[in-house]
Amino acid sequence: MLRPLTSALRLLRPWKPLQTRGCASDEAARGREIQVRALEGPDQGITEILMNRPRARNALGNVFVSELLEALAQLREDRQVRVLLFRSAVKGVFCAGADLKEREQMSEAEVEVFVQRLRGMMTEIAAFPAPTIAALDGFALGGGLELALACDLRVAASTAVMGLIETTRGLLPGAGGTQRLPRCLGVALAKELIFTGRRLSGTQAQVLGLVNHAVAQNEEGNAAYHRARALAQEILPQAPIAVRLSKVAIDRGMEVDIASGMAIEGICYAQNIPTQDRLEGMAAFREKRPPKFVGK
């Protein structure tokens, strides 16, 4: 049972930073559906995934999925990434879900392959080693909400609209929604929302516990992004290895009985004992000063 932890705990291996950090400023990158932006200054350590497919309202098409998988594969090796923030470059929408127009052109076999890729993409987001935050400043429907559910934390504008609406289209959630929503809200409530295809506002979603925070939308339409960024700033000063190992312990522990979960916690705790950051934390407490964690 504990054998799968091996890959999740590869946190102390040597890393190589991305060669294209801040690529959103590059002319060629601006035309991509997925853009990666590493913030600087006091926000250094926060990396943004900017979803930029305005004509299709960030619908999940082949190019979108391929570019997001490529970005995740690069970023997961970059230990400078302490928080990964998903946001939209399209005002009023986070992600409208599956690209049904593109899917209409696929054969049944092609649809099956694509949905498997989509499911794999959500798994990659969920397994990302650093904390992930989704900033929902607009519609997050179907696969768009499934993408947000794959993130660790969710922040929504009060006016955002979200829901697993697949049953209203003759479908069922196929990219993790039937598994992650009940783990988030409980089985009965998840069934109700999926069976009815109900849409929720950001305010309603916070009441149910679907999002961590709901904030009033601003004129620029990016209030959730600013709140998500503030949340990321709260995570930044904390010991990055301890944060990553905490994520492993929680995620893997939720999949098993509590006794096995305690064993997983013990493995993660042991991984953290030899770190410089643990010694720095104790020294800072003793010397009554803020700690300076370096991720070693």
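Which residues line the largest cavity? The views below start there and then move through the rest of this predicted model.

**View 1. The largest cavity, with its lining residues shown.**
Here's the answer: V81, R82, A130, P131, I235, L236, Q238, A239, P240, V243 and R244 line the largest cavity. There's about 50 Å³ of space inside. Helix α11, which covers residues 240-253, gives the largest share of that lining, with 3 residues. Sort the lining of the largest cavity by class and you get 8 nonpolar, 1 polar and 2 charged residues.

**View 2. The second largest cavity and the residues around it.**
The structure holds 2 cavities of 30 Å³ or more, and the second largest has a volume of about 30 Å³. Look for L145, G163, L164, L181, L193, R198, L200 and L210, which line the second largest cavity. By class, that lining comes to 6 nonpolar, 1 polar and 1 charged residues.

**View 3. The second largest pocket, from its centre outwards.**
This pocket has a volume of about 660 Å³. Its lining runs to 30 residues, and A96, G97, A98, D99 and L100 are the closest to its centre. At least two lining residues come from each of α4 (100-104), α5 (108-126), β6 (139-141) and α6 (143-150). Of the contributors, α5 has the largest share of the lining of the second largest pocket, at 4 residues. As for chemistry, the lining of the second largest pocket has 15 nonpolar, 11 charged and 4 polar residues.

**View 4. L147 and its neighbours in the largest nonpolar core.**
Nonpolar side chains tend to be buried together in soluble globular proteins. In this model, the largest nonpolar core has 62 residues, and L68, F86, F94, L147 and M162 are the ones that touch the most other members. Another core, of 6 residues, lies apart from that one and includes I241, L245, V248 and I264. Zoom in on L147 and leave out anything up to four places away in sequence: L147 touches M51, L60, L68, F86, F94, M121, M122 and I125.

**View 5. Strand β2 between its pairing partners β1 and β3.**
All 6 of the 6 residues of β2 are buried, so this strand is largely enclosed by the rest of the structure. I46, E48 and L50 point one way from β2, while T47, I49 and M51 point the other way, and all are buried. Strand β1 (residues 34-38) is mostly covered too, with 4 of its 5 residues buried. β1 and β2 (residues 46-51) pair in the antiparallel sense over 5 bridges. To get your bearings, find Q35, whose bridge partner in β2 is L50, and V36, whose bridge partner in β2 is I49. With β3 (residues 83-88), β2 pairs in the parallel sense over 6 bridges. Go back to I49 and you'll see it stands opposite F86 in β3.

**View 6. A224 in helix α10 and what it touches.**
A224 is found in helix α10, which spans residues 223-235. Is A224 buried or exposed? A224 counts as buried because its relative accessibility is 0%. Leaving out residues up to four places away in sequence, A224 touches A135, L136, D137, V155, A156, A157 and V215. Also look for S158: A224 and S158 are 66 residues apart in sequence, but 8.6 Å apart in space, C-alpha to C-alpha.

Notes
Residues numbered from 1 in each chain as written. Predicted model: local features only at pLDDT ≥ 70, side-chain atom pairs only at ≥ 80, totals over all residues. Heavy atoms only, no water. 1 Å grid on protein atoms, 1.4 Å probe; cavity = no way out; pocket = protein on both sides within 12 Å on 5 of 7 lines; lining within 4 Å. Points joined across faces, edges and corners; volume = space filled by probe spheres on them. Nonpolar A, V, L, I, M, F, W, Y, C, P; charged D, E, K, R; others polar. Core = buried A, V, L, I, M, F, W, Y, C linked by side-chain atoms within 4.5 Å. Buried < 20%, exposed > 50% of the residue type's maximum accessible area, 1.4 Å probe, protein only. Contact = heavy atoms within 4.5 Å. Pairing = 2+ DSSP bridges.
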